[in-house]
Each structure stands twice: as C-alpha cells, then as structure tokens.
Amino acid sequence: MNVTLPTIEQAAARLQGVAVRTPLLQSAELDARTGARVLLKAENLQHIGAFKFRGAFNRLCQLNEQVRARGVVAFSSGNHAQGVAFAAKRLNIPANIVMPDDAPMIKLEGTRRLGASVRLYRRHHESREQIAAELAEKTGAALVPAFDDPFIINGQGTVGLELMEQSQILARRPDILLVPCGGGGLLAGVATAINGINQQTAVYGVEPETYDDHWQSHRAGKRVKIDGTTPTLCDALMATSPGELTWSINHELVSDYLRVSEDEVRHAISFAFRYLKLVVEPGGAVALAALLQGKLAFSGKICSLIISGGNIDASVFAECLNRFPEP
C-alpha cells in the first residue's frame with residue numbers, strides 16, 4: 001500500500017457517510033489580526049473530537065473477518081486511542097488500548113466509554129510499544145499504529161482532500177497550509193493530498209518547542225530523536241522522532257517546520273474560544289498559535305490551517321482562559 005492522491009481518494013470513499021465532513025471556517029477577527037484571509041479546517045468537530053478517527057476507520061475497515069474476530073491493539077495518549085475505540089465499536093471489533101497513566105482524563109474516559117479495554121502504563125518507566133506488542137502476541141490481535149502506517153496516513157490525508165475541495169468552492173485556494181505535527185501522519189497524508197492537487201500551496205508542520213523533532217530533523221537532513229522528557233501541554237504531539245514512513249514523505253513535500261511555545265498555545269486556545277467559539281486542545285491549537293504569532297509572513301496571503309483536536313480537560317481549559325482573558 002502506497003500513499004498517493006488516488007489512495008487518499010479511495011480512503012475518502014470508505015469514509016463517506018461515516019466520518020464527519022468537518023467545516024472550513026472563516027473569521028473576520030482572525031483576518032483583521034493577521035492581515036491574511038484565513039480558512040480553518042475544524043477537525044475538533046470530527047467524531048471523538050479529533051482527526052484520528054479517519055485513519056483508524058480506514059485501517060480497521062480493511063481487516064478481514066478472521067483478524068477482526070481476534071481484535072485490535074493500539075497505544076496512544078488519547079486521540080488515536082479514541083479513534084481506534086470508536087472505529088472498532090462501529091465495526092464490532094474488540095479493542096485493547098495502551099495509554100499513559102497521565103493521559104488527559106477526557107481522553108481516558110472517552111476511550112473507556114467507547115467500549116475499549118485500557119491498559120495503563122507509566123510514561124517514563126515502561127515501554128508502550130513493548131506492552132502493546134505483548135498484548136497483540138498473546139491475543140493474536142492486529143496492532144494499529146498511530147501514524148507510521150500507509151492505511152492510517154491515507155485516512156488522515158482525507159482532511160487535506162476535503163480542505164482543498166472546500167477552498168475551491170470558496171474560490172480561495174490556500175497559499176500556505178499549517179498542520180499540527182506529532183508523529184507526522186496527519187502532515188504526511190495532508191501534504192500528499194495537497195501536492196497532488198495544487199503544488200503551489202506551501203505546507204508547514206507546526207510543533208511545540210519542547211517536541212521539535214521534525215524541526216531538528218529538517219535541519220539535519222535526517223531523522224533526529226529528541227529526549228522527550230520535558231513536560232508539555234501538547235500531549236497529542238509528544239512523539240520523540242519522526243516516523244520512518246512519515247519522514248520519507250514529509251522530507252520531500254513539507255516546506256519547513258514552525259515551533260510555538262506553551263504560552264503561545266495557551267493564547268491560541270483562549271482566542272479560539274472567545275472569537276471562533278471553538279474548544280481546542282493544546283496539540284490541536286499549535287497551527288493557530290503559529291498564525292497568531294506571525295511565525296511566517298502571512299499578510300496578504302490565503303492561509304489555511306488545521307485545528308486537529310478539541311479534547312481538553314476542563315482544568316487546563318480554564319487555566320488557558322484565565323491566563324489570557326483578553327487575547
């Protein structure tokens with residue numbers, strides 16, 4: 001299985017009527033602040049509050065009946081966990097999810113509510129990969145990667161396909177596209193779709209400053225592994241190294257990477273609530289943060305960005321609003 005515009009279009013056909021076709025939003029306030037014409041793809045309004053359902057369903061719906069009967073195993077801090085759990089529930093597949101014990105409560109509770117069995121682990125003391133591999137071997141279940149898998153990437157790429165279709169209706173093909181980046185699966189799928197439709201759109205990945213493995217890898221010209229022990233609000237973007245497959249795609253198609261601070265993320269969350277009327281989680285807000293902070297020359301451009309998730313604990317959300325009461 002490859003990752004190409006046709007394979008993303010095939011994934012879109014599988015997701016039709018199953019995934020939410022999320023809106024492409026405009027904001028006069030955001031345009032005025034940035035000097036750009038801004039289009040926001042609101043994947044926080046997707047099933048389970050994040051884009052991850054797309055890739056999970058595209059992967060699971062192609063499993064044969066024998067594999068489905070044995071179930072699936074995944075590891076995730078939350079959004080992939082919920083995506084797999086919901087896709088498995090839709091397809092009547094047993095699901096076991098390995099999650100860190102410090103995962104946001106909203107994501108942990110959401111995964112359990114969807115019927116998946118959850119195995120907690122200590123993030124800095126145990127290997128989630130090893131635990132998941134042992135579960136898969138013990139039960140014969142299929143392991144569902146979070147990002148480094150062509151089926152997953154093709155599913156995530158449907159976000160970019162929809163974005164370009166919707167922007168064409170508005171007669172606003174983007175000059176710049178900002179995409180949150182953790183393991184790089186969303187970015188790889190979206191960059192592939194964009195490149196297949198309009199190579200003039202420059203695609204940028206956005207990371208938290210403390211998890212800038214793609215930024216460092218881009219400058220080194222090879223995959224770089226970072227320490228990954230620094231705390232961050234952006235639990236969804238805590239990959240310590242680009243995936244092998246995702247890097248092979250992003251290295252060719254992504255123009256560059258931008259970094260945002262924790263306070264810049266907090267500000268973006270507050271802005272999204274007050275002016276866009278959207279609830280956005282920290283990892284889902286990084287692209288908006290990069291736009292608001294002028295990390296590139298956006299003025300006069302048509303700029304699109306992906307808000308990738310909205311699963312934020314109430315205490316974190318309140319803290320962001322209180323720290324930036326008038327963004």
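**Close-up views of a predicted model**

**View 1. A pair of aromatic rings within helix 12.** Phe 271 has a relative accessible area of 0% and is therefore buried. In this predicted model, Phe 271 shares helix 12 (residues 262-276) with Tyr 275, the two being 4 residues apart, about one turn of the helix. An α-helix has 3.6 residues a turn, so residues three or four places apart point the same way. Tyr 275, by contrast with its buried partner, has a relative accessibility of 35% and so counts as partly exposed, since the partly exposed class lies between the limits of 20% and 50%.

**View 2. Aromatic rings of helix 3 and helix 5.** The structure holds 4 aromatic pairs, one of which joins Phe 53 and Phe 86 in a tilted arrangement, with 5.3 Å centre to centre and 45° between the planes. This pair links distant parts of the chain, since Phe 53 belongs to helix 3 (residues 52-60) and Phe 86 to helix 5 (residues 79-91), at a separation of 33 residues. Both Phe 53 and Phe 86 are buried. In the pair of Phe 271 and Tyr 275, the ring centres are 4.9 Å apart and the planes stand at 35°, so that pair is tilted. Phe 57 joins Phe 53 and Phe 86 in one aromatic cluster.

**View 3. The surroundings of helix 3.** Helix 3 is mostly covered, with 9 of its 9 residues buried. Among these buried residues are the charged-named positions Lys 52, Arg 54 and Arg 59, together with Phe 53, Phe 57 and Leu 60. The cover over the buried residues of helix 3 includes helix 1 (5-15), helix 4 (65-70), helix 5 and helix 8 (150-169), and also strand 2 (37-42) and strand 3 (72-75).

**View 4. An open parallel sheet and the helix across it.** Four strands, in the order 5-4-3-6, make up an open sheet with parallel pairing. Strand 5 (117-121) and strand 6 (142-143) stand at the edges with a single partner strand each, so one side of each has no neighbour in the sheet. Strand 4 (residues 95-100) pairs with strand 5 in the parallel sense over 5 bridges, and Ile 97 stands opposite Val 118 of strand 5. Helix 6 (residues 105-113) lies across strand 4 and strand 5, and runs at about 150° to strand 5.

**View 5. A glycine in the loop between helix 10 and helix 11.** Gly 221 lies in the loop between helix 10 (213-220) and helix 11 (244-253), and because its relative accessibility is 41%, Gly 221 counts as partly exposed. Leaving aside neighbours within four places in sequence, Gly 221 is in contact with Trp 247 and His 251. The C-alpha atoms of Gly 221 and His 251 are separated by 8.1 Å, although these residues are 30 residues apart along the chain.

**View 6. The whole chain, as context for the close-ups.** The chain has 14 helices and 10 strands. Its radius of gyration is 18 Å, close to the 20 Å that the globule rule gives for 327 residues, so the chain is as compact as a globular protein of that length. Buried residues make up 61% of the 327 residues, and among contacts with a separation of 6 or more, 74% are between residues 24 or more positions apart. The chain exposes about 12900 Å², of which carbon and sulfur atoms supply 48%.

Terms used. Residues numbered from 1 in each chain as written. Predicted model: local features only at pLDDT ≥ 70, side-chain atom pairs only at ≥ 80, totals over all residues. Heavy atoms only, no water. Pairing = 2+ DSSP bridges. Contact = heavy atoms within 4.5 Å. Axes fitted to C-alpha atoms, helices over the stretch in contact; angles between N-to-C directions. Rg over C-alpha atoms; globule rule 2.2 N^0.38 Å. Buried < 20%, exposed > 50% of the residue type's maximum accessible area, 1.4 Å probe, protein only. Areas by Shrake-Rupley, 256 points an atom, 1.4 Å probe, with all protein chains shown as cover. Phe/Tyr/Trp six-rings, centres within 6.5 Å; stacked < 30°, edge-to-face > 60°.
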